[in-house]
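This briefing is a short tour of one protein chain. It goes through domains, sheets, a hairpin and the enclosed or open spaces.

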Amino acid sequence: MIELAGLRKEFAGTVALDGIDLSVPAGQIHGIVGRSGAGKSTLIRCLTGLERPSSGSAVIDGIDITAQRGAALRRARRSIGMVFQHANLLDSLTAAGNVAHPLKVAGVGRAERRRRAAELLDLVGLGDRADNHPAQLSGGQQQRVGIARALAAQPRILLCDEPTSALDSATTAQILSLIASLRESLGITVLIITHEMSVVREACDAVTLLADGRVASTGSLRRVLGEPGTALARDLLPLPEGREDSAAEVRASGRASVQVALAGTSVPELFALAETAGAPIAGVEAGTLETIDGLQVGRLRLLTDDAQALSGALRAAGIHVEEAA
């Protein structure tokens with residue numbers, strides 16, 4: 001559905017994208033992450049034809065966007081719906097009017113515009129707010145209208161650029177659930193550009209990490225988290241921050257801590273393994289555990305009387321030990 005090959009973009013000698021190769025199959029929700037300046041925004045502009053790459057290709061739904069011009073490019077863009085960080089709705093139009101606006105620009109008749117807008121607002125759960133203006137809607141409702149508008153031309157692909165970064169956690173969860181349900185009901189492919197790792201964990205099937213304009217890591221969420229020693233896996237599932245005095249308390253207790261990353265090993269199995277090896281775990285100082293795509297993954301800081309013995313036993317059993325102190 002999305003095939004990028006050798007995509008490169010330079011601005012006055014500065015390389016923003018440096019040979020991006022990426023394949024996103026139809027129906028997948030794929031996250032693109034990376035620090036500021038990694039190339040995320042440039043990538044999305046190349047995908048939509050707003051920037052022409054210096055070299056390489058971006059094939060979307062069978063059409064090389066980089067090779068299109070004029071009317072052909074405008075037609076190709078109809079297969080792509082865009083959702084932005086801020087909904088950017090037109091204040092003078094109602095929710096229905098905002099959804100219908102791109103159809104009006106495309107020359108669709110009034111009756112069909114009204115029918116399509118009503119259908120899409122129902123789809124995103126706002127059928128009863130069709131006559132409300134943006135000022136009468138919450139931030140989450142405005143984003144839902146923005147998603148409905150992005151779907152107006154029946155695109156095959158939805159590109160979401162930081163779609164939840166301006167929303168609170170509860171509203172974020174609702175928007176991500178909506179995106180997932182739209183993928184199921186419409187069969188669309190979704191690309192989410194985000195700096196929020198929680199968004200990737202909750203919504204994406206696969207993830208790509210960009211660094212300095214290159215693909216640093218890519219793969220299914222299960223595969224990436226199944227390699228807990230990588231930087232991407234650590235970012236996706238970090239250890240929660242403890243109290244500032246936690247380390248001092250551990251030292252005062254005479255115990256040490258061992259930080260481990262789990263992928264497929266349960267906590268009871270971990271404790272049993274340590275007991276069998278003669279290096280029992282005295283407790284858990286901090287931890288994060290989740291089950292993602294059927295795989296239990298997590299990070300734990302374990303308390304022990306002998307960090308060296310415990311870390312050695314765990315490493316021998318194939319458990320990834322990140323630090324021991």
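The points below are grouped by topic.

The model is predicted. Its chain is assigned two domains, domain 1 covering 2-218 and domain 2 covering 237-324. Taken over C-alpha atoms, the centres of domain 1 and domain 2 are 40 Å apart.

**The four-stranded sheet**

- Four strands form an open sheet with antiparallel pairing, in the order 2-1-4-5.
- Strand 2 (14-24) and strand 5 (63-64) are at the edges; each has a single partner strand, so one side of each has no neighbour in the sheet.
- Helix 1 (residues 40-47) packs on this sheet and touches strand 1, strand 2 and strand 4. The direction of helix 1 makes about 115° with that of strand 1.
- Strand 1 (residues 2-11) and strand 4 (residues 55-60) run antiparallel and are joined by five bridges.
- Ala5 has Ser57 of strand 4 as its bridge partner.

**The six-stranded sheet**

- A further open sheet is built from six strands in the order 6-7-8-3-9-10, and its pairing is mixed.
- Strand 6 and strand 10 (214-220) are the edge strands, and each pairs on one side only.
- From one strand to the next, the twist averages 15°.
- Strand 6 runs parallel to strand 7 (residues 157-161), with four bridges joining them.
- The bridge partner of Ile80 in strand 7 is Ile157.
- Helix 5 lies across strand 6 and strand 7. The angle between helix 5 and strand 6 is about 165°.

**The hairpin of strand 12 and strand 13**

- Strand 12 (residues 283-292) and strand 13 run antiparallel, joined by nine bridges.
- Ile292 has Leu295 as its bridge partner in strand 13.
- Two residues lie between the strands of this hairpin. Asp293 takes a positive phi there, near 55°.

**The largest pocket**

- The largest pocket holds about 850 Å³ of space.
- Its lining consists of 23 residues, of which Arg77, Arg78, Ile80, Pro102 and Ala153 are the closest to the centre.
- The elements giving two or more residues to this lining are helix 1, helix 2 (70-77), strand 6 (80-83), helix 3 (95-105) and helix 5 (139-150).
- With five residues, helix 3 gives the most to the lining of the largest pocket.
- By residue class, the lining of the largest pocket has 13 nonpolar, four polar and six charged residues.
- Several elements named above recur here: helix 1, which packs on the four-stranded sheet, and strand 6, an edge strand of the six-stranded sheet, are among the contributors to the pocket lining.
- Ile80, one of the residues closest to the pocket centre, is also the bridge partner of Ile157.

**The largest cavity**

- The count of cavities of 30 Å³ or more comes to one.
- The largest cavity has a volume of about 40 Å³.
- Leu225, Pro228, Ala233, Leu237, Leu262, Val297, Gly298 and Arg299 line the largest cavity.
- Strand 13 (residues 295-304) supplies the largest share of this lining, three residues.
- Six of the residues lining the largest cavity are nonpolar, one is polar and one is charged.
- Strand 13 thus appears in two places, as the partner of strand 12 in the hairpin and as the source of the largest share of the cavity lining.

Technical notes:
Residues are numbered from 1 along each chain as its sequence is written. This is a predicted model: local features need pLDDT of at least 70, side-chain atom pairs count only at pLDDT 80 or more; totals for chains, interfaces and linings use all residues. Side-chain values use heavy atoms; hydrogens and water are left out. Two strands pair if DSSP finds at least two bridges between them. Contact means heavy atoms within 4.5 Å. Axes are lines fitted to C-alpha atoms, for helices over the stretch in contact, and angles run from 0 to 180 degrees between N-to-C directions. Domain bounds come from an automatic or database domain assignment. On a 1 Å grid over the protein atoms alone, a cavity is a set of points where a 1.4 Å probe fits but cannot get out, and a pocket is an open set with protein on both sides within 12 Å along at least five of seven lines; lining residues have an atom within 4 Å of a point. Grid points are joined across faces, edges and corners, and a volume is the space filled by probe spheres set on the points. Ala, Val, Leu, Ile, Met, Phe, Trp, Tyr, Cys and Pro count as nonpolar, Asp, Glu, Lys and Arg as charged, and the others, Gly among them, as polar.
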